[in-house]
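Trainee: Got a few minutes to go through this one with me? I'd like to poke at some local details.
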Amino acid sequence: MPKQRHTGRKKISGAMTFMNLTAGKWVSQAIAVAAELGIADLLKKGTKTAAQIARSASASEDGVYRLLRALGSVGLFAETGNRTFRLTRLGKLLCADSPQALGAYARFVGHESTWRPWGELGHSVRTGEPAFDRVFAMPIFEYFGKMPEAAAVFDAAMTSISTWESKAVVASYDFPGIGTLVDVAGGHGLMIKTILKANRKMRGILFDLPHVTAGAARLLRSGGVANRCEIVSGDFFTSVPEGADAYIMKHIIHDWDDQRAIQILRNCHSAVRRGGKVLIVDPVIPSGNVAHFGKLLDLEMLTLTPRGRERTQAEFRDLLQRSGFKFRRVIPTETHLSLIEGVRV
């Protein structure tokens, strides 16, 4: 009987796989703390000991070592011996100057504005109501309007992921026949900046609440598109700027229930020229047990937002039709997002 070759790898049991899944909250909070301390930026020029990092970050040497060891086990850092660590390719995503900088998003995931409501996920599952309102006694966007520190963390997180997502949108869609594009609730303007840089003849309008657009002008100037992008403040439940060729919304429709999503879309329908487009940039949930980030993000919507949700293609088709648009197609991107294209009829 031939001997079984020993590969040196331990087979992971079902129970251990289960335990690793339940440890997800530990990993996300550990990454958030590493982002808060700026550890990746401290390591980007070369290896450092835990003691050196702790001194630079004004933190406990023992705590920093244990944090780095834990995050080394999931691939963000690598221990090279004698409590010395280097940055990995994955860990570079936490660097402030990374082309796909996600550190600000990691900080938001660990911030009390999202962390505390997730502790009440059971309330949302049982009632269908946002746990955020239960924890903070007000809806999430009202909270951000009153809490500038939390709003700054949220806005930075949205800009952080938009760096990666906006490039994927531009790579997947060529914006045919669009002379003027309105970015509805476009935050600080990273997406409209990215789109305008790739489409030199296009003009843009960045539209959002006043306390959000206040931070947009510098970003548009830094991208060299300020002369082609107007900044307009307002409330998309009331109206949006009129007469553009297309209206784009990333991570917006998923924040709201069907009734309010349709209200936003109808305002876009009233404003867009005949034959113009609406472009929804959100996850499109696949059927069955296919793994998809949007299925987990949907729980974030359940927990934090005013009955927001991720949707299937059929649900987006229904929203568009009820808003006066004709559903045209879904265009996937290299991220978890797709573009859902509707045309005014």
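Trainee: Let's start with helices: is the crossing of α4 and α5 right-handed or left-handed?
Mentor: The crossing of α4 and α5 is right-handed. Keep in mind that this is a predicted model.
Trainee: OK. At roughly what angle do the axes of α4 and α5 cross?
Mentor: Roughly 115°, and the axes come within 8 Å. Helix α4 covers residues 50-57 and helix α5 covers residues 61-72.
Trainee: Which residues make the contact?
Mentor: On the α4 side you have A50, A51, I53 and A54. On the α5 side, E61, V64, Y65 and L68. By type, the contact of α4 with α5 has 7 nonpolar residues, no polar ones and 1 charged.
Trainee: Switching topic. Where does H254 lie?
Mentor: H254 is in the loop between β7 (246-250) and α15 (258-271).
Trainee: And does H254 count as buried or exposed?
Mentor: Buried, because its relative accessibility is 4% and the cut-off for buried is under 20%.
Trainee: What does the side chain of H254 make a polar contact with?
Mentor: With the side chain of E310, at 2.6 Å. If you skip the neighbours within four places in sequence, H254 is in contact with D282, L297, M301, G308, R309, E310 and R311.
Trainee: While we're in that loop, what about the phi of H251?
Mentor: The phi of H251 is positive, about 55°, although H251 is not a glycine. H251 lies in the loop between β7 and α15, and with a relative accessible area of 9% it is buried.
Trainee: Why would anyone remark on a positive phi?
Mentor: Because most residues other than glycine have a negative phi. A185 is another one to look at: phi near 55°, a positive value, and not a glycine.
Trainee: Where is the place of A185?
Mentor: A185 is in the loop between β4 (180-184) and α12 (190-198). A185 counts as buried, at 15% relative accessibility.
Trainee: Now the aromatics. How many aromatic pairs does the count come to?
Mentor: The count is 12 aromatic pairs. One of them is F136 with Y143, a tilted pair at 4.6 Å centre to centre with 40° between the planes.
Trainee: Is F136 buried or exposed?
Mentor: F136 is buried, with a relative accessible area of 11%. Its partner Y143 is buried as well, with 4%.
Trainee: And why is the pair of F236 and F237 edge-to-face?
Mentor: Because their planes are at 85°, and planes over 60 degrees apart count as edge-to-face. The ring centres of F236 and F237 are 4.9 Å apart. F236 counts as buried at 12% relative accessibility, whereas F237 is partly exposed, with a relative accessible area of 22%.
Trainee: Which residues form the aromatic cluster?
Mentor: F108, F132, F136, Y143, F144 and F154 form one cluster. F108 is also among the contacts of V153, if you leave aside neighbours within four places in sequence.
Trainee: Which helix does V153 lie in?
Mentor: Helix α11, residues 148-172. V153 is buried, with a relative accessible area of 10%. Besides F108, V153 is in contact with R107 and H111, under that sequence limit.
Trainee: Last one: how far apart are V153 and A104?
Mentor: In sequence, V153 and A104 are 49 residues apart; in space, 7.2 Å, C-alpha to C-alpha.

Key: Residues are numbered from 1 along each chain as its sequence is written. This is a predicted model: local features need pLDDT of at least 70, side-chain atom pairs count only at pLDDT 80 or more; totals for chains, interfaces and linings use all residues. Side-chain values use heavy atoms; hydrogens and water are left out. Axes are lines fitted to C-alpha atoms, for helices over the stretch in contact, and angles run from 0 to 180 degrees between N-to-C directions. Helices (H or I, at least four residues) and strands (E, at least two) are DSSP runs, numbered from the N terminus. A crossing is left-handed if the near helix is turned anticlockwise from the far one by less than a right angle, and right-handed if clockwise. Contact means heavy atoms within 4.5 Å. Ala, Val, Leu, Ile, Met, Phe, Trp, Tyr, Cys and Pro count as nonpolar, Asp, Glu, Lys and Arg as charged, and the others, Gly among them, as polar. Buried means under 20% relative accessible area, exposed over 50%, partly exposed in between (1.4 Å probe, protein chains only). A polar contact is a pair of N or O atoms within 3.5 Å; within protein, one must be able to donate a hydrogen and the other to accept it, and residues adjacent in sequence count only if both atoms are side-chain atoms. Rings of Phe, Tyr and Trp (its six-membered ring) pair if their centres lie within 6.5 Å; planes under 30 degrees apart count as stacked, over 60 as edge-to-face and the rest as tilted.
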